[in-house]
Amino acid sequence: MKAYLRKGCFAVLVVMSLMLLMAAGTETVSAAEELKPTTLSWVAGGVGGGWYVQAGGIARMITEKEPKIVVKVVPGGGMVNPVRVSGGKDDLGWGITFVDKMAYTGMAPLFEKPNPNVRAIGGIFGTYYVHFVAAQDKGIKTVAELAELVKAGKAVSVAAPMKGTSDLPLIENVLAFYGISLDAIKKAGGKVHQAVYADMTSLYQDRHVDFVFTHLALPAAAITEMFVSRPSVVLAVSNACIDKLAKDLGTLGTDSGHQIIHKGTYKGQAEDVPTVVSTGELLVGKAVADDVVYAITKILCRNIPELHKINNANATFIAEKGWLHVAVPLHPGAEKFYREAGFMK
């Protein structure tokens, strides 16, 4: 009798175990089936350029980790990307923080109207530093000192980004903080050459200008050439200016730890130089489904070593801080992951 009961109990346990396993398997399948197959377009940069290649590598990783999400990379550019993503022409896009902030709010001179439907998945995907290069024989070390020269009516010759570029308004915002502008330089008897970076280098090397204003990743080849051609310094931007632009334009603040061009970056640079820094961020349209954005965010954050190997510019993306340094609102799907992971309180 006891043996029969033992056999009966064992049989019941086996049946219950099988039922639990089947239920668990059904639950797993259901959870996996919740995500519907979807194809997304990712607007990047010019075909074959840095942004295009960077996006292509991440797109392949996303599909490898989640075959239901297929991402196609298409050409674009910094100023058009947030507009296309907000308008639904593309689902994902590379962005630069200050450009995205200006696009989102409709800030002149780059944008005539707001683009309210652009959202962020995360950052930082690359950093870009404002360089105020000066000839060493000018005897100044800060942008504040340059501003004082202009205000005192001293004639200075500078090279600045061309009209219509995204770099120009960023430079102009820094100058405005110090109470000067390119027009003020001209009115003080100075000269302003607006040119592409290659021409800026030649103007500086040939001593047609003594100051150059640029916005480039480190170490910038153009700046390296300038430092080799003549003794030079990078002018420091004040912490107050850095934090003001961080608030207004979404650039990095002094609390980020990224606002420094470290000594030794360029020939003869003996000191760390604080400056304004913008960053790359991954944009997504507001209309993209929450579960899709959640899945993409999870893939990025759970595969950091592989992400960093794909492209050097990805090395600044840190999962725990991915939500922190973005210039437009986070997509709800991304926010859900960051909160569930304990990264965002």
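Okay, let's start at threonine 214, which touches Tyr129, Val130, His131, Ile171, Tyr197, Met200 and Ile223, leaving out residues up to four places away in sequence. This is a predicted model, so please hear everything that follows with that in mind. Threonine 214 sits in strand 7, and at 1% relative accessibility it counts as buried.

One of those partners, Ile171, takes us to helix 6, residues 167-177. Which residues of that helix are buried? They are Asp167, Leu168, Pro169, Leu170, Ile171, Val174 and Leu175. Let me pick out leucine 168 from helix 6. Its relative accessible area is 8%, so it goes down as buried. What does leucine 168 touch, once residues up to four places away in sequence are set aside? The list is Pro161, Met162, Lys163, Leu182 and Gln194. For a sense of distance, leucine 168 and valine 74 are 94 residues apart in sequence and 26 Å apart in space, C-alpha to C-alpha. And after helix 6 comes glycine 179, with a positive phi near 80°.

Now, helix pairs. Two packed helices are described by the angle between their axes and the distance between the axes. Take helix 8 and helix 9: the axes come within 10 Å and cross at roughly 10°. With angles under 35 degrees counting as roughly parallel, that is why helix 8 is described as roughly parallel to helix 9. On the helix 8 side the contact uses Met200, Thr201, Tyr204 and Gln205, and on the helix 9 side Ala222, Glu225, Met226 and Ser229. Met200 may ring a bell, as it was on the list for threonine 214. Sorted by class, the contact between helix 8 and helix 9 has four nonpolar, three polar and one charged residues.

The other pair is helix 11, residues 290-302, with helix 13, residues 332-340. Here the angle is about 45°, and the axes are 7 Å apart. Helix 11 and helix 13 are therefore oblique to each other, and helix 11 passes helix 13 in a right-handed crossing. Who makes the contact? From helix 11 we have Asp290, Val293, Tyr294, Thr297, Lys298, Cys301 and Arg302, and from helix 13 Pro332, Gly333, Ala334, Lys336, Phe337, Tyr338 and Glu340. By class, that contact has seven nonpolar, two polar and five charged residues.

While we're in that region, look at histidine 331, in the loop between helix 12 (304-310) and helix 13. Is histidine 331 buried or exposed? Its relative accessibility is 0%, so it counts as buried. Ignoring neighbours within four places in sequence, histidine 331 is in contact with Arg119, Ala120, Val284, Gly285, Lys286, Val288, Ala289, Asp290 and Val293. Two of those names, Asp290 and Val293, also belong to the helix 11 side of the contact with helix 13.

Next, the cores. The largest nonpolar core has 85 residues, and Trp42, Phe132, Phe213 and Leu300 are the ones with the most contacts inside it. There is also a second, separate core of 24 residues, which includes Ala135, Val209, Ala222 and Val273. Ala222 is a name we've met already, on the helix 9 side of the contact with helix 8.

On to the backbone, where I'd like you to have the torsions up. Most residues other than glycine have a negative phi, and most peptide bonds are trans. So where does this model depart from that? Arginine 207 has a positive phi, near 65°. Arginine 207 lies in the loop between helix 8 (197-205) and strand 7, and at 51% relative accessibility it counts as exposed.

Then the cis peptide bonds. One runs from glycine 123 to isoleucine 124, with omega near 15°, and isoleucine 124 is in strand 4, residues 118-135. Another joins leucine 218 and proline 219, with omega about -15°. Proline 219 is in the loop between strand 7 (211-216) and helix 9 (221-229).

Last stop, another proline. Proline 37 is in the loop between helix 1 (2-33) and strand 1 (38-43). Its relative accessible area is 69%, so proline 37 is exposed. How far apart in space are proline 37 and proline 67? The C-alpha to C-alpha distance is 8.0 Å, with the two positions 30 residues apart in sequence numbering. Okay, that's my tour.

How values were computed: Residues are numbered from 1 along each chain as its sequence is written. This is a predicted model: local features need pLDDT of at least 70, side-chain atom pairs count only at pLDDT 80 or more; totals for chains, interfaces and linings use all residues. Side-chain values use heavy atoms; hydrogens and water are left out. Axes are lines fitted to C-alpha atoms, for helices over the stretch in contact, and angles run from 0 to 180 degrees between N-to-C directions. Helices (H or I, at least four residues) and strands (E, at least two) are DSSP runs, numbered from the N terminus. Angles under 35 degrees count as roughly parallel, over 145 as roughly antiparallel, 65 to 115 as roughly perpendicular and the rest as oblique. A crossing is left-handed if the near helix is turned anticlockwise from the far one by less than a right angle, and right-handed if clockwise. Contact means heavy atoms within 4.5 Å. Ala, Val, Leu, Ile, Met, Phe, Trp, Tyr, Cys and Pro count as nonpolar, Asp, Glu, Lys and Arg as charged, and the others, Gly among them, as polar. A nonpolar core is a set of buried Ala, Val, Leu, Ile, Met, Phe, Trp, Tyr and Cys residues joined through side-chain atoms within 4.5 Å. Buried means under 20% relative accessible area, exposed over 50%, partly exposed in between (1.4 Å probe, protein chains only).
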